[in-house]
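I opened this notebook to record, entry by entry, what I looked up in the structure. The entries begin below the display.

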Amino acid sequence: MKYNERIREIREDNSLTQQKIADLLHIGQRTYADYVSGKTRISVDNLLSLARFYNVSMDYITGASNIKSKYPKA
């Protein structure tokens, strides 16, 4: 699974709107929609923010793994 598919899946599983996640990332809703559609690449910083927010590993959120591990504690 590609990261753009994963971030859409996780958002929908948590019953959140694109606007809510865009606000979390301090971006516009259209920019977030472009991430999900694959038109724009998401930054590593924003991927990290989403992984922390959803409490999932970067491997899971990027689609490198289908195992839903928790975000590592620092």
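**Entry 1: the surroundings of α1.** I asked what covers the buried residues of α1. In this predicted model, the cover includes α2 (18-25), α3 (29-37), α4 (44-54) and α5 (58-62). I then listed the buried residues themselves: within α1, which spans residues 3-13, they are N4, R6, I7, I10 and R11. Viewed down the axis of α1, these residues fall within an arc of 160 degrees, so they line one face of the helix. I noted the general background here: an α-helix has 3.6 residues a turn, so residues three or four places apart point the same way. I also checked what comes after the helix, and found that α1 is followed by S15, which has a positive phi, near 50 degrees.

**Entry 2: α1 against α3.** I looked up how these two helices pack. Their axes are 7 Å apart and form an angle of about 120 degrees. The angle lies outside the range of 65 to 115 degrees that counts as roughly perpendicular, and α1 and α3 are therefore oblique to each other. On the α1 side the contact is made by Y3, N4, I7, R8 and R11, and on the α3 side by Y32, Y35, V36 and S37. By class, I recorded five nonpolar, two polar and two charged residues in the contact of α1 with α3.

**Entry 3: α2 against α3.** I made the corresponding check for α2. Here the axes of α2 and α3 are 8 Å apart, at an angle of about 105 degrees. The two helices are therefore roughly perpendicular to each other. I found that Q18, Q19, I21, A22 and L25 of α2 meet Q29, Y32 and A33 of α3. The contact of α2 with α3 comprises five nonpolar residues, three polar ones and no charged ones.

**Entry 4: D34.** I next turned to a single residue of helix α3, D34. Is D34 buried or exposed? Its relative accessibility is 16%, and buried means under 20%, so D34 counts as buried. Leaving aside residues up to four places away in sequence, D34 touches K39 and T40. I also looked up the separation between D34 and N4, which are 30 residues apart along the chain: their C-alpha atoms are separated by 9.2 Å.

**Entry 5: α4.** I asked which residues of α4 are buried. They are N46, L47, L50, A51 and Y54. These residues cover an arc of only 140 degrees around the axis, which puts them on the same side of α4. On the other side of α4, V44 and D45 are exposed. The buried residues of α4 pack against α1, α2, α3 and α5. Just after α4, I noted that N55 has a positive phi of about 55 degrees.

**Entry 6: S65.** My last query concerned S65, which lies in the segment after α5. S65 has a relative accessible area of 19% and is buried. I then looked up its neighbours, not counting residues up to four places away in sequence, and found that S65 touches R6, D59 and Y60. R6 had already appeared in my list of buried residues of α1. Finally, I recorded that a polar atom of the S65 side chain lies 3.0 Å from the backbone nitrogen of I67.

Conventions: Residues are numbered from 1 along each chain as its sequence is written. This is a predicted model: local features need pLDDT of at least 70, side-chain atom pairs count only at pLDDT 80 or more; totals for chains, interfaces and linings use all residues. Side-chain values use heavy atoms; hydrogens and water are left out. Buried means under 20% relative accessible area, exposed over 50%, partly exposed in between (1.4 Å probe, protein chains only). Helices (H or I, at least four residues) and strands (E, at least two) are DSSP runs, numbered from the N terminus. The arc is that of the directions from the helix axis to the C-beta atoms. Contact means heavy atoms within 4.5 Å. A polar contact is a pair of N or O atoms within 3.5 Å; within protein, one must be able to donate a hydrogen and the other to accept it, and residues adjacent in sequence count only if both atoms are side-chain atoms. Axes are lines fitted to C-alpha atoms, for helices over the stretch in contact, and angles run from 0 to 180 degrees between N-to-C directions. Angles under 35 degrees count as roughly parallel, over 145 as roughly antiparallel, 65 to 115 as roughly perpendicular and the rest as oblique. Ala, Val, Leu, Ile, Met, Phe, Trp, Tyr, Cys and Pro count as nonpolar, Asp, Glu, Lys and Arg as charged, and the others, Gly among them, as polar.
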